[in-house]
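Hi,

Here is the structure I promised to pass on to you. Have a look at it first, and then read my notes below.

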Amino acid sequence: MDEHVMAVQRMQEYISRHLTEEITPADLAKESMYSPWYSCRLFREYTGSAPADYIRRLRLSESARQLKKGTVNVTRAAFEYGFDSMDGFRRAFRREFGCSPGEYSRKPVPIPLFIPYGVKFREMRKEGSSMKETETIFVQPMTRPERMCVIKRGVKAGEYWDYCNEVGCDVWGILTSMDSICGEPVCMWLPEKYITPGTSVYVQGVEVPADHSGEIPDGFDTIILPEAEYLMFQGQPFREEDYEDAITSVWNAIKKYDPSLTGYEWDSENPRIQLEPRGERGYIELVPVKRKH
């Protein structure tokens with residue numbers, strides 16, 4: 001892989017490891033193995049942000065997570081995440097999220113958390129895959145309760161990268177800031193009855209209780225999904241650089257799987273659900289099924 005890409009990736013990983021510590025241009029240059037000036041240039045070229053802006057946004061988002069959990073108060077959050085004064089923290093927080101840290105701590109609302117993506121993964125997608133198919137796929141039946149799903153619709157997207165091109169990757173940050181009944185946001189392929197004219201089959205959203213009365217972010221929509229049965233397909237843990245191959249392996253397993261062997265048939269009336277690919281747990285996808293009559 002291109003050494004420039006890997007240099008930026010090393011800087012991103014260094015920032016994540018040292019987020020609550022002082023991070024200097026010299027530190028990043030040491031990680032990238034280029035001069036401070038050239039390191040900054042590369043970082044901006046591949047991430048779209050100067051290192052200082054990237055670090056600031058990441059620190060603000062992590063401080064927001066901790067405030068929502070109640071693990072820190074506003075004062076501690078300010079100084080733990082590198083702000084020299086409370087006023088500076090308040091101003092930066094309001095510019096980033098539209099509310100003060102005190103307001104957010106008292107009443108968390110959906111906010112656009114900054115979710116950075118490693119630059120090497122975009123490059124690996126261009127290079128294609130070389131990993132062999134995952135050998136073992138775990139399959140488990142499960143029931144999803146009736147729930148509301150707060151979703152952001154795309155335009156024509158049928159998969160993740162097209163969706164990001166249409167609506168941007170910041171949607172995931174907003175969804176991550178919201179409480180979910182399953183503990184995390186989801187991606188879904190919607191059946192036709194849930195697709196409004198001129199919108200995409202692929203959406204991102206968060207599942208909340210059916211009687212949810214909390215704030216719905218601007219530009220988002222809601223749908224009510226009934227209780228439904230699913231087969232959960234889970235691949236083996238994978239290296240982050242092999243994430244596309246891990247997804248493909250699970251998709252191939254789904255194509256070959258015969259649900260009638262366990263008394264089910266595929267259910268086209270409910271959405272297929274994709275969880276965020278995480279190497280430590282393997283790729284997970286939930287495919288709707290119904291009891292075979």
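**What I found**

If you set aside neighbours within four places in sequence, Ser63 is in contact with Ala77, Tyr81, Phe89 and Phe93. Before you go further, keep in mind that this is a predicted model. Ser63 is found in helix 4. Is Ser63 buried or exposed? Its relative accessibility is 0%, and buried means under 20%, so Ser63 counts as buried. Its side chain also reaches the backbone oxygen of Leu60, at 2.7 Å.

Next, go to helix 2, which covers residues 25-32. Leu28, Ala29 and Ser32 are buried there. Why do they sit on the same side of helix 2? Because they cover an arc of only 100° around the axis. On the other side of helix 2 you'll find Ala26 and Lys30, which are exposed. And what do the buried residues pack against? Helix 1 (3-17), helix 3 (36-47) and helix 4 (51-69) are the partners of the buried residues of helix 2. Just after helix 2 comes Met33, with a positive phi of about 70°.

Helix 4 turns up again in the largest pocket, where it gives the most to the lining, with 7 residues. The volume of this pocket is about 1600 Å³. It is lined by 50 residues, and the closest to its centre are Ile115, Pro116, Tyr117, Glu276 and Pro277. Several elements each supply at least two residues of the lining, among them helix 1, helix 9 (160-167), helix 10 (171-176) and helix 11 (243-256). Strand 3 (186-189) and strand 4 are also included.

Now for the strands. Strand 2 (residues 147-153) is mostly covered, with 7 of its 7 residues buried. Arg147, Cys149, Ile151 and Arg153 point one way from strand 2, while Met148, Val150 and Lys152 point the other way. Which strands does strand 2 pair with? One of them is strand 4 (residues 202-209), which runs antiparallel to strand 2 and is joined to it by 7 bridges. Another is strand 5 (residues 221-225), also antiparallel, over 5 bridges. Arg147 is a handy residue to click on here: its bridge partner in strand 4 is Pro209, and in strand 5 it is Leu225.

Strand 9 (residues 284-291) is mostly covered too, as 6 of its 8 residues are buried. Here is a little table of its antiparallel partners:

| Strand joined to strand 9 | Bridges | A pair to look for |
|---|---|---|
| Strand 6 (residues 228-234) | 6 | Met232 opposite Leu286 |
| Strand 7 | 3 | Tyr264 with Arg291 |
| Strand 8 | 2 | Ile273 opposite Leu286 |

So that you can find Leu286 twice: Met232 stands opposite it, and so does Ile273.

Last stop: Pro271, in the loop between strand 7 (264-266) and strand 8 (272-274). Pro271 counts as buried because its relative accessibility is 0%. Which residues is Pro271 in contact with, leaving aside its neighbours within four places in sequence? They are Met188, Trp189, Leu190, Pro191, Leu225, Tyr230 and Pro288. You have already met Leu225 as the bridge partner of Arg147 in strand 5. If you want a sense of distance, the C-alpha atoms of Pro271 and Glu62 are separated by 31 Å, and the two residues are 209 residues apart along the chain.

Have fun exploring!

Methods
Residues are numbered from 1 along each chain as its sequence is written. This is a predicted model: local features need pLDDT of at least 70, side-chain atom pairs count only at pLDDT 80 or more; totals for chains, interfaces and linings use all residues. Side-chain values use heavy atoms; hydrogens and water are left out. Buried means under 20% relative accessible area, exposed over 50%, partly exposed in between (1.4 Å probe, protein chains only). Helices (H or I, at least four residues) and strands (E, at least two) are DSSP runs, numbered from the N terminus. Two strands pair if DSSP finds at least two bridges between them. The arc is that of the directions from the helix axis to the C-beta atoms. Contact means heavy atoms within 4.5 Å. A polar contact is a pair of N or O atoms within 3.5 Å; within protein, one must be able to donate a hydrogen and the other to accept it, and residues adjacent in sequence count only if both atoms are side-chain atoms. On a 1 Å grid over the protein atoms alone, a cavity is a set of points where a 1.4 Å probe fits but cannot get out, and a pocket is an open set with protein on both sides within 12 Å along at least five of seven lines; lining residues have an atom within 4 Å of a point. Grid points are joined across faces, edges and corners, and a volume is the space filled by probe spheres set on the points.
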